[in-house]
There are 2 protein chains.
Amino acid sequence: MYMRKNLPTDSIDPLLAYFDRLIPLDTAEKELVAAHFHPRLFRKRQYALQEGDLCNQFYFVLRGCLRMYKIDDKGSTHILQFAAENYWINDLGSFHGLRASELNIDALEDTVVLQISRDDLITLYLQAPKFDRIFRVLVENSFVRLQERLLQNISSTAEERYRSFLEVYPYLVSRLSQVQIAAYLGITPEFLSRLRNRRTQTRKP
Amino acid sequence: MYMRKNLPTDSIDPLLAYFDRLIPLDTAEKELVAAHFHPRLFRKRQYALQEGDLCNQFYFVLRGCLRMYKIDDKGSTHILQFAAENYWINDLGSFHGLRASELNIDALEDTVVLQISRDDLITLYLQAPKFDRIFRVLVENSFVRLQERLLQNISSTAEERYRSFLEVYPYLVSRLSQVQIAAYLGITPEFLSRLRNRRTQTRKP
DNA sequence: CGCGACGTTGATTTGCCTCAACGATTGTGG
DNA sequence: CCACAATCGTTGAGGCAAATCAACGTCGCG
C-alpha cells in the first residue's frame, strides 16, 4: 500500500495517547478513532478555513502551528488562538451552528494535523457515547482557558498580558514573529517592540 | 408536607423544558433531574460563591440575576458573566479542577436557582450518559459566546462594545446599574456615562 | 539582485482613566 | 417617619497608555 511521506500509518498514536490520558479507551474505541481521523498536511500560509466558508473539520495538530483569526473592517488581524502540537482548533460556532465562518485558520509553519469531519464526529458520538464525555471535558478545559484570557484582557495592561503570555506559552514565543504575538495580545507590533525594550533597558546608566 | 414559599415542587419544570429543547428526555431521565437538582433562594447581595472557596455547585437561574466577577489587586471589579432566567453559572475551573476559586458569584436581585452539586452531577453522568452530551452542547454554546466576546474586546472600542451589549442583552439593560454594565464592558462608570450622553447629543446647536 | 516582511524608533494624537465635586436617589437605623 | 449615610449618575480638568503615521536599517526569499 502506498504511503505519503510525512503521513505514516502510526500518525494516529499521539491522538490515541491524548485521549487515553483524558479517559482510557478500549480497543474498539481506538479503532473507531483510527477509522474517523485522517492525517493532512498544510503548507506554510495555506488556509485550513477561509472566511465565508463552513467549518467542516475539527483539527488536532501533530506537528507545526496553526492560527485562527479575524480580519476586522479596518483590515487589522486579531488572533483568537494558536494551535501547536497536541492542540485542537476549529470554529465551533460554524462547525456546530452550520453557519458561514467569519474566521480564518491558516498555517504559520508546515503543519500536519489529524482531522475529523463533522459528520464523522457525529457518527463517532453515536457509535461510542464515551466521546461525548471526552469532548465535553475537552471543551470545558478550553472554556476555562478562554475565560482566564478574557479576564486578563479586561483587567490587565498590555505589559502584564505580554509577561503572562511569555509564562504560559514559552515554547511558542521563539516560533512566532512579534507581529503574530501582538495580534494575539490585541496591541500593535510597534507597541510590543517598545514593551520589550522597556524591560531589557534599566541596565546602563 | 411543608413547602417553603417561592420554592414550589414544580420549580423543576423550566429546567426540564430547557433540557427537552436541547435533547428530548424520557421519563426516567426527567426523574433523575428532579432527584438531583434542588431549588434555592439567594437574597440580593448574598454570595453563591466566595473567593477562596471551592465551587461545589452548578446553578440554573429560575428567577432573578446573578453575576460572576473577580476583584483585582487594585480593588476593581471585573464581571465575567451575568446569569438571569434560564442561564447557567458556575466557576468551571474550580468546579472541575477542584481548586480554590478566584471568583465571586453573588445576587443582584433576590434570585431563585436550581442547583446541583458536583458529586450529584457526576452521578447523573453515570446514571444517564445522555447528560454528557447535553452538557457538552451546553458548554459548546457558552464557549462560542465567550469567544465572540473576547474577539469584541480585542478588536472594538468601548462604544462599539456598549452598542453590542445593548443589542445582545436588551432585557438586562433595564435591570442593571451602569456600574455593573461598566464592570462587564471593562471600562469605568464615568466613561460609560460619557458614552451614553455622547450619543443622545448631536441634537441641539 | 531587489522586493517585501520584519523590528525599531521618533513625533504626535487619542481613547480612556483618575481624581474631584455635585445633586439625586436609595436605603437604613434611630 | 425622618435623618443621615451610602450609592448612583453626571460633569470637569488633567494625565497616561497605547494607537497612528512615518522613516529607516535588516533580513530572508523568489
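1. The surface near DNA strand C divides into five nonpolar, six polar and five charged residues. Here Ala, Val, Leu, Ile, Met, Phe, Trp, Tyr, Cys and Pro count as nonpolar, Asp, Glu, Lys and Arg as charged, and the others, Gly among them, as polar. A residue is near a strand if its C-beta atom, placed from the backbone, lies within 6 Å of it.

2. A word on the ground rules: this is a predicted model, in which local features need pLDDT of at least 70 and side-chain atom pairs count only at pLDDT 80 or more, while totals for chains, interfaces and linings use all residues. Residues are numbered from 1 along each chain as its sequence is written, and chains are lettered from A and ligands numbered from 1 in the order in which they are written.

3. Back to DNA strand C: of the 16 residues around this strand, Ser177(A), Gln178(A), Ser193(A), Ala158(B) and Phe191(B) come nearest. Helix 8 (178-185) and helix 9 (189-200) of chain A, along with helix 6 (158-168) and helix 9 (189-200) of chain B, each contribute at least two residues. Helix 9 of chain A has the largest share, six residues. Helices (H or I, at least four residues) and strands (E, at least two) are DSSP runs, numbered from the N terminus.

4. Now for DNA strand D, where Thr157(A), Phe191(A), Ser177(B), Gln178(B) and Ser193(B) come nearest of the 16 residues around the strand. Helix 6 (158-168) and helix 9 of chain A and helix 8 (178-185) and helix 9 of chain B each bring at least two residues to this surface. The largest share, six residues, is from helix 9 of chain B. By type, the surface near DNA strand D has five nonpolar, six polar and five charged residues.

5. Turning to the protein pair, 26 residues of chain B are in contact with 26 residues of chain A (C-beta atoms, placed from the backbone, within 7 Å). On the chain B side, strand 5 (77-83), helix 3 (92-97) and helix 5 (130-155) each supply at least two residues. Helix 5 of chain B gives the most, with 17 residues. This side of chain B comprises eleven nonpolar, eight polar and seven charged residues.

6. Finally, the symmetry: a turn of 180° and a shift of 0.0 Å along the axis lay chain B on chain A with an RMSD of 0.0 Å, which is the relation of a two-fold axis. The superposition is by least squares on the C-alpha atoms of residues with pLDDT of at least 70 in both copies. Arg136(B) comes closest to the rotation axis of the residues of chain B, at 2.2 Å (C-alpha). The copies meet through the same surface, because 100% of the interface residues of chain B are also interface residues in chain A.

Note on methods. Contact = placed C-beta atoms within 7 Å.
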